[in-house]
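Biologist: Could you take a close look at one part of this model for me and then walk outwards from there? I'd like the cut-offs spelled out as you go.

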Amino acid sequence: MATTTGSGISAAAPPARAPRTPSGNSTRTFNIVCGVVLGVFAVVWLIPSLWAIKTSFTTNAVSALGTPAILKDTSPTLASYLALLEGGDIWNWYLASFLTSAITVVLTVVFASMAGYALSRLRFRGRNVVFGVMLLGIMIPGQVLIVPIFEGLGAVHLLNTYWAVILPQVPAVIAVFVFKQFFDGLPVELEEAARLDGAGYWRIYRSVIMPLSKPVISAMGILTFVNVWNNLLLPLFVVSNPKLMTIPVGLATVQGSFGQRYSDIQASSLLGALPLVILFLIFQRRIVEGVAGTGLKG
Amino acid sequence: MSTQTTTSAGAVSLAARGGARPRYADNKPAWLFLAPFVLFFALFLVVPTIYMAISSFFNTSIAKSGLGSFAGFANYQEMLTKREFWDDMWHTLQFTLYTVPPLVVLAFVFAVLANRVRRGQWFFRLAFFVPFILPSATISLIWVFIYAPGNGLFAQIQTWLGNAAPTPVLADPKTAMVGVAIATLWWTIGFNFILYLAGLQDIPRELYEAAAIDGTTPWQQIRYITIPLLSRTTSLIIVLQIIASLKIFDQVYLMTSGGPGTSTQTAIGLITNTAFTDFRSGAASAAAVLLFIVILAIAAIRQLIERNQERTA
């Protein structure tokens, strides 16, 4: 696993040189203490997930008995998972979450990168105004707008469609700024060469800029995907048809309907998160870079 | 290049210095590139904001189309004099006070420690960051189960520690918000952890090496190098965190639905209840505008602080 945040930037002196400095040994001891303390915290942090996993692999009858029974149980079973996957609800939720997340990602990445390109590379009247309005837009707290967005979607008869979940999430202003920031750092020579060859702006954007921007495209794409997948507030109110519910909304209905079936509840909560965990394991560097980018450069 | 793009003033001066292209050479293509995003931006951020501001002065209802009758400042007056509004704002503030300090301090500690550990960083990233990408619904289901009165993991741990009558965390008005805050701390610390790790990478190693040669202890290095150089990251994290905490909805809705009683009802909960349960979207808009102003003010304060920091830097 290549760790960009890893060994290279370690604050401590490299081991070969450590003993030469007077504080070398104490530094090493300090580092070991750091590792141990952090390890304890990390284990504490893992307990809730491990507990949910353990519970999901017991039967409902055992988990209903409580914590000691779950801890003592030594015969893991897939019963809860199989029941959920047979039920069909979870497949509808998966479909809704995949479709809404994927379409939003495509629209956001294409539109935000185009806007970022214009703001980074093109000279036009009103540039400062656009820039300022977008900066203000970053501050607009999306959740607070849930009521007018609901009414607007109702007015154009989009409630209870996937579009009601997709469209309001497309204008992620932060993405424009992350793209702009990235484009600012690209060398201008390639573009000039392309322009001499007679390429237009669209051609330059598509054939020069975008191919160079794969890291930021994937980082923004994955972050948008995670955000849309996890959004609860918007789909909770704009979708009431159970067939169109996304994973978070579906999960929100689970608790009441499952009653004391703790194993089923935990299995469904983990199934809802599973695609994102897989995504994280595959793309963890991109996700981490994306988070660092949205925070520091926004 | 950097001067050309970072500020339009740079672009202007470049053009003025006899650059090949005039100042507004790209008007038409630029607007074509901006159009799709600006359209969405207008439809789903600008127009809703304006509509929210307008409807806050009307008796708008979700059950009927149109704005309804004019209400003047009645919605605002109602909200500002209503006990429930101030209670819910207080709960929101309570949640903010419970979550922001540990989310900043612990994230800093974890990041500084992880930065010193040379091997197995992937493990810490997994442990701290993975909860952040899980849906709030998953988080809530996990923690409601942990807090389950009587037979949950937390009650069991209390029993092991000798507490014969464990507190039912989420069922007690005094502890419910703390319970939600702990789940939130567990869930979101990874984001700040990553921001701090990224900030630590930007600190030149030579500073530490020079300090080590001068015989400073690791504590002194943290006190005099790490903390000051991360102050920008810290102020960013604090503001992001305060704003996120003011917008809290998911965990409360899923874990306690505002209860027991109304002890964990927060601002967004009040807004959605007023709009979608009482069908009074005009009144909800007034509450939303008030919250909106608070959030905007905090964001603006941060801009001012940042500008000051840049000036003194």
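Modeller: Let's start with helix 7 of chain A, residues 146-155, which is mostly covered: 7 of its 10 residues are buried. Buried here means under 20% relative accessible area, exposed means over 50%, and partly exposed is in between, using a 1.4 Å probe and protein chains only. Helices are DSSP runs of H or I with at least four residues, strands are runs of E with at least two, and both are numbered from the N terminus. This is a predicted model, where local features need pLDDT of at least 70 and side-chain atom pairs count only at pLDDT 80 or more, while totals for chains, interfaces and linings use all residues. Residues are numbered from 1 along each chain as its sequence is written, chains are lettered from A and ligands numbered from 1 in the order in which they are written, and side-chain values use heavy atoms, with hydrogens and water left out.

The buried set in helix 7 of chain A is A:Ile146, A:Val147, A:Pro148, A:Ile149, A:Phe150, A:Glu151 and A:Leu153. What do they pack against? Within chain A it's helix 8 (162-166) and helix 13 (233-238), and from chain B helix 3 (27-55), helix 14 (267-277) and helix 15 (281-312) join in. Contact means heavy atoms within 4.5 Å.

Step just past helix 7 of chain A and you hit A:His157, with a positive phi of about 55°. That's a positive value in a residue other than glycine, and A:His157 sits in the loop between helix 7 and helix 8 of chain A. At 69% relative accessibility, A:His157 counts as exposed. A:Asn160 lies in the loop between helix 7 and helix 8 of chain A, and its phi is positive too, about 65°, although it isn't a glycine. With a relative accessible area of 31%, A:Asn160 is partly exposed.

Over in chain B there's another backbone oddity to check: the peptide bond from B:Gly259 to B:Pro260 is cis, with omega near -5°. B:Pro260 is in the loop between helix 13 (250-255) and helix 14 of chain B.

Now for the rings. There are 44 aromatic pairs over all chains. Rings of Phe, Tyr and Trp (its six-membered ring) pair if their centres lie within 6.5 Å; planes under 30 degrees apart are stacked, over 60 edge-to-face, and the rest tilted. A:Trp45 and B:Phe128 have ring centres 5.7 Å apart and planes at 75°, so they're edge-to-face. This pair crosses between chains, going from helix 1 (residues 24-56) of chain A to helix 6 (residues 121-133) of chain B. A:Trp45 and B:Phe128 are both buried, and ring pairs link them with A:Phe41, B:Phe110 and B:Phe193 into a cluster.

As for the record, UniProt's unreviewed entry marks "transmembrane region" at several stretches of chain A, including residues 30-53, 93-117 and 129-150. Its positions are in the numbering used here, feature names are shortened, and annotations may be inferred rather than shown by experiment. In the model, residues 30-53 of chain A are 100% helix and 0% strand, with end C-alpha atoms 35 Å apart. UniProt also lists residues 94-283 of chain A as "domain: ABC transmembrane type-1" (unreviewed entry); that span is 76% helix and 0% strand, and its end C-alpha atoms lie 20 Å apart.
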